[in-house]
Structure formats: C-alpha cells, structure tokens
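Subject: Structure handover

Dear colleague,

Here is the structure I said I would pass on. My notes on it follow below the entry.

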Amino acid sequence: MARNPDDRLKLAILINASGNHVAGWRHPESGTEKTGSLSHYLRVAQKAEEGKFDIIFFADSSALYDGTPEHQARVVKGLEATEPKRHLEPFTLLSAIATQTSHVGLVGSATTTYEEPFHVARILATLDHLSEGRAGWNLITSANPAEAQNFSRDKHVAHADRYDRAEEFVDIVRGLWDTIDDGAFVRDRETGQYADLSKIRTLDHVGKHFSVRGPLNVARPPQGHPLIAQAGSSEPGMKLAARTADMVFTAQRNLDNAKKFYADIKARAAAEGRDPAQVLVVPGLVPFVGRTKEDAQAFHRELQALIKPEVGLALLTELLGEFDLSAYPLDGPLPPIDAVPEGSKSRFELVTKLARANNYSIRQTYENIASASGHGLVIGSPEEIADHMELWFREEACDGFNLLPPVTPKAFDDFVDLVVPELQRRGIVQCDYSPAPTLRERLGLPRPDSSLAKE
C-alpha cells in the first residue's frame, strides 16, 4: 500500500525494569537497585516525553516462577530480573506516571486468559480519564505457563483455547466501553438531573466463555476506546490483531520478513473491512548506541561478557517451551525439537529458525537472543541507527518502532540524546507533540463510534 506523504515514524519504548539484555541488570548504569521505585520509571517516562515518544509500554505476567528448582535458579541468577513481566503491576504504575507526564501514551498489558472483561474495561476506562485520553491496552493471552497455578488451574490453557477466549473477551471490553454514551452524566445542578438513562444501557452479553450484563460503571473513555495493541504473531494472533488491534507489536529480525509481516497484517485488516492505515505495525528494536560504531560495538561486547552461560541456557530453554538442553554441548547445534510449546508459538518459531538459518550453536543462539530476545538488533552510530530505522519505514516494513533499550536508563538516554535528533533532522519523527487532545488522535487514529448508541 502507498504510504501517506504526511506519515511519520511512531516511537514507543518498552520500559523494562533494568534493561532488555539478559545481563543488562548487571551493568553499573542499569538502575537495578531502584526498580521498585516510582522515580526509576518516572525518569524514563519523562525522558520519553523529552524525545517526543508516542508511547511508553509495560509488558506483564502474573507469575515469577513455577516452583521448580530450575525456575528458582533463574531468579537467583537474575534471569527473571531482565524481563519486564516480572516486576510492578503496570496499570498502578501507569496511573502514577500519568500525574507526572502530559503527552506520552500509557500502554500496559492485561491478559484475556486470567482476567475478566469487566475488570479490564473498567481499569482502562479509568486510566483513560485520569490521563485525559492517553491509555492503551496491550492484549495478551499469557505465554508464561507458570501463571496457571496462580489462578486456580493445574496447567496452562492451550494456545488455541486462549485465543478463542480472547476473541470474545475483546468484544466484551469494547462493548462495555460503549454502554455509556458521551454526555450520559448530565450533572445539571439547576434541574437536579445527574444522569440521562436513555444514554446508558446494558450489554447483556452471553457467550461461550462469558456472561456479562453491564453497563460499565465508568463514563465512556475520552478516546471512546483506549488504544488496543496486540503482539501475537502466530496465525490466531494475527487474525485477532487484524480484526481488533490499533497497534501490532511484533518481533522481526530482518527487512524482508518484516515487509512480509507488514503486508500480511495490512491485507488481513482490509479483509476485515478496516482501513489498513489504521492498524499500525510496530516491530521491536534493540539499539546499541555509541557516538561512533566502535563505541557501540564496545558497549555490546561489554554486555555480552556479563552473560553467565547457565543464564543464557535458561533463557533459551524457556523460549523453547522448557525443552531440556542440559544433555547437549553448548558449542554443538540446537537439537531437533518436535513438540511446539503451549506458550509463545511465534517466539519458539523465531528462535528455532534463527538457529537453523545461521547454523548457530546453542551458545551462539542464546548469545544472540540475550541481546534482543528475538527482536531486531542494531549496533552503531546515531547516523547508522537512523539509517536502519528510516530504511524500514521507507520500505514499508513498519509504521514505527518499539524500542527495547538493552540497559535502562543508560541506553535509552543515549538513544534520546543521540538518535532522536538525527531522526528529527531527517523529518521522519515528530519534533513536538500535536495539539490533538488524545493518544488516538495524535497517532492519526479515529475515535470509534459507539456500537450501542441509539440513532
């Protein structure tokens, strides 16, 4: 599809506790000691506004480990500390950040597998009001099998069943946001009328997984519907994203595959009767920035040297669905793996294809994944990183990037200070925030009409 000449590159940052590199927390400028403090995250959020970023994003999971010795060992070695899903609850944190920021979008993950639609609809509507129209929901189906036992289940819900539930879940959430029309709460002091009941209705949903009456007990959000993001790249995930998502997060390692994914999502959105331009594709990018390429490469080597082999192996084991690699030599090839896990199928496929395509050993595979967890990786000067981002944008491989700094806050500070000015000089990112009042409008997305409003 032809890109609108007025389009610009969108920028998001996934705020990990102390960095996205598996050993990032060990770096002296990671801020790892402060990851339980609001000040740590607020510093990054305010830096994002300094760089005119569109979105700050928190991933999430509701489990630390599954109680096995192997998972407990990961906590001891710091593997779990590298993952964004292991720390503070995102919407509480985003509500606090909303009070100290003015423009940046606030996106958090909530699972359709272990949450209820009414809770998610209410939380997002509340954040949207508190932030004056900046809230977003990253819809996840829970790739972490350890969550099951925290929610009264013996084992994780099967992948297909999770997406079947998610399809119904998201429709209920959007319906609940529509149960109260704009202007339903009159608050007329003169007449004493507080609400207009003709603008409030029940949802009365009865389906396979849920029965939800409604209405929502929060007024319709300022955005109508808070932004919906979705990150599944499996077939069910792409189907769900094409039908419901405003923004699609994805892990893409090379330009050709990214272009194929981009074209596929846009075509699927069109087939759903949607405007493809209103489904934004935003791949992850891990930038190692230096004032020169040599500085960036030195920074990368510094972090690679901090990877403990047992931690790298544990990371790879988790991405492969707990496949036991302990009997295989680290410098030998990745063994055949027949069983596809019930966790993240797309990440499993990405890792195995990466290893096979490059003839990587187990060690080389985990070293590569440790840097970027399957996302795009770029190491270079500000100009080289800007070249990479501009090429992907011009070649219709993305509508923006979700930045995953390897060390937080150091690597993000470097990106904002060194790369953002170069992108702004090229005219492909915003130099200031639009006066438009909501996140949707600033991203060029329409405010959805209510599906339940009376004509």
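In which loop does Glu 132 lie? The loop in question runs between helix H4 (117-130) and strand S4 (135-140). Please keep in mind throughout that this is a predicted model.

Backbone with positive phi

Glu 132 is not a glycine, yet its phi is positive, at about 60°. Its relative accessibility is 62%, and because the exposed class begins over 50%, Glu 132 counts as exposed.

Ser 142 is another non-glycine residue with a positive phi, in this case about 75°. Ser 142 is located in the loop that links S4 to helix H5 (159-177). Is Ser 142 buried or exposed? Its relative accessibility is 2%, and since buried means under 20%, Ser 142 counts as buried. Strand S4 (135-140) therefore borders both loops: the one from helix H4 that holds Glu 132, and the one towards helix H5 that holds Ser 142.

Cis peptide bonds

Gly 214 and Pro 215 are joined by a cis peptide bond, with omega at about 0°. Pro 215 sits in the loop between strand S8 (211-212) and strand S9 (227-230).

A cis peptide bond also joins Thr 408 to Pro 409, and here omega is about 10°. Where does Pro 409 lie? Pro 409 is in the loop that leads from strand S13 (400-403) to helix H13 (410-425).

The protein as a whole

There are 14 helices and 13 strands in the protein. The C-alpha trace spans about 75 × 55 × 45 Å along its principal axes. For 455 residues, a compact globule would have a radius of gyration near 23 Å, and the 22 Å found for the protein agrees with that.

Of the 455 residues, 55% are buried. Among contacts with a separation of 6 or more, 78% are between residues 24 or more positions apart.

The protein exposes about 19,100 Å², and 49% of that comes from carbon and sulfur atoms. As for charge, there are 51 positive and 64 negative charges, and their mean positions are 0 Å apart.

If you look at individual sites, the two cis bonds, Gly 214 to Pro 215 and Thr 408 to Pro 409, can be viewed alongside the positive-phi residues Glu 132 and Ser 142.

Regards

Terms used. Residues are numbered from 1 along each chain as its sequence is written. This is a predicted model: local features need pLDDT of at least 70, side-chain atom pairs count only at pLDDT 80 or more; totals for chains, interfaces and linings use all residues. Side-chain values use heavy atoms; hydrogens and water are left out. Helices (H or I, at least four residues) and strands (E, at least two) are DSSP runs, numbered from the N terminus. Buried means under 20% relative accessible area, exposed over 50%, partly exposed in between (1.4 Å probe, protein chains only). The radius of gyration is taken over C-alpha atoms; the globule rule is 2.2 Å times the number of residues to the power 0.38. Contact means heavy atoms within 4.5 Å. Accessible areas come from the Shrake-Rupley method with a 1.4 Å probe; for residues, only the protein chains shown count as cover. Lys and Arg count as positive and Asp and Glu as negative; His and the chain ends are not counted. The place of a charge is taken as NZ of Lys, CZ of Arg, CG of Asp or CD of Glu.
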